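Here's a quick tour of a protein model, written for someone who'd rather be at the bench. Have a look at the fold first, then read on.

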Amino acid sequence: MKRRPRAGIPRRRGRRHEHGKICADPQIKATLIRKDDGKEGESGSIGTGATRPAIIEGLVKRGFLREEGKYVISTELGRQFYRALPDEIKKPDVTAEWWLIQENIKDGKAVPDDLFKKVLEDFETVRRAVGTSRAVSAAAADKSVGRKTVGVCPRCGKPVVEGSKGFGCSGYKDGCGFVLWMTGKYGAHKVLGDSGKKVTSAMAEKLLSKGKVLVKGLTSAKGTKYDAWVCMEDTGRGVFLKLSFDDLPQKKGKKRGTN
């Protein structure tokens, strides 16, 4: 049986697995590289040559990856899921930490409960960021409609998709009324309009994932330009945008306390 190629790169012989080099934690990085010392084709890897093909096959079956000739590449669903994940889960550090705990269990320095607790803790972080598994399934169904998904609904966990006038929850047929309008007459919506701006898909993505987005080049009533955070507040009955000037990024060339 031919081995399935690794995701996103062509089939190559003798290519080294170097997950350890992209770990953020220097201690984990050093440990992974040290464990593969002398192993052909491995350099700080996670998993083994025997387990990787099965993992990739599972991702293909679930629609996160697809085969295209000699390549395995990510699908739109896979990219949406990746964008929804918190930054700390995207790097191999988490999986590496699980592996280190397993090694400690083998050496008698840890117990299985330590691994269970760590895995549950990490997946709770993912659950809060991504929403329920229904959101991922709904994203796959919504893909056929051809509308861009910009994030996860804060009310029901289903995908929020771009429309002609705003960004609405794809679960509207189930009674969810979440809508983030592109333009409006009140609050930060009015400020954006007076500055010749509106809520874009890129802004909507950050509002849904972070709760705020930095907008540069707003215009005051006197015609001066300024920057501000646009913050989203969902009351359950409506979505409102307001401005905030707290902790604005310091502009280059200016020091705090100077005019």
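Which residues have the most contacts inside the largest nonpolar core? Keep in mind that this is a predicted model. That core has 24 residues, and the ones with the most contacts inside it are Phe-167, Phe-178, Leu-180, Val-199, Met-232 and Leu-241. Two or more residues apiece come from strand 5 (166-169), helix 8 (187-194), helix 9, strand 7 (212-219), strand 8 (225-234) and strand 9 (239-244). Helix 9 gives the most, with four residues. As a rule, nonpolar side chains in soluble globular proteins tend to be buried together.

Let's zoom in on Phe-167. Setting aside neighbours within four places in sequence, Phe-167 is in contact with a list of residues that includes Val-150, Val-160, Phe-178, Leu-180, Val-199 and Ala-204. Glu-162, Thr-200 and Ser-201 are also among its partners.

Now for helix 9, which runs over residues 201-210. Its buried residues are Ser-201, Met-203, Ala-204, Leu-207 and Leu-208. Looking down the helix axis, these buried residues fall within an arc of 155 degrees, so they line one face of helix 9. Over on the other side, Ser-209 and Lys-210 are exposed. Just after the helix comes Gly-211, with a positive phi of about 90 degrees.

Stepping back, the protein has nine helices and nine strands. Of its 259 residues, 34% count as buried. The protein exposes about 17,100 Å², with carbon and sulfur atoms supplying 52% of that. Among contacts between residues at least 6 apart in sequence, 41% join residues at least 24 apart.

How far can you trust all this? The average pLDDT is 77, and 71% of the residues score at least 70. The two ends of the range among the elements look like this:

| Element | Rank among the elements | Mean pLDDT |
|---|---|---|
| Strand 7 | highest | 95 |
| Helix 7 (residues 133-143) | lowest | 48 |

Two stretches call for some caution. Over residues 1-17 the pLDDT stays under 50, and the model has 40 contacts beyond four places in sequence for them. Residues 132-137 also have a pLDDT below 50, with eleven contacts in the model beyond near neighbours in sequence. Where pLDDT is low, the predicted coordinates should not be read in detail.

Notes. Residues numbered from 1 in each chain as written. Predicted model: local features only at pLDDT ≥ 70, side-chain atom pairs only at ≥ 80, totals over all residues. Heavy atoms only, no water. Buried < 20%, exposed > 50% of the residue type's maximum accessible area, 1.4 Å probe, protein only. Arc of directions from axis to C-beta. Core = buried A, V, L, I, M, F, W, Y, C linked by side-chain atoms within 4.5 Å. Contact = heavy atoms within 4.5 Å. pLDDT = per-residue confidence, 0-100. Areas by Shrake-Rupley, 256 points an atom, 1.4 Å probe, with all protein chains shown as cover.
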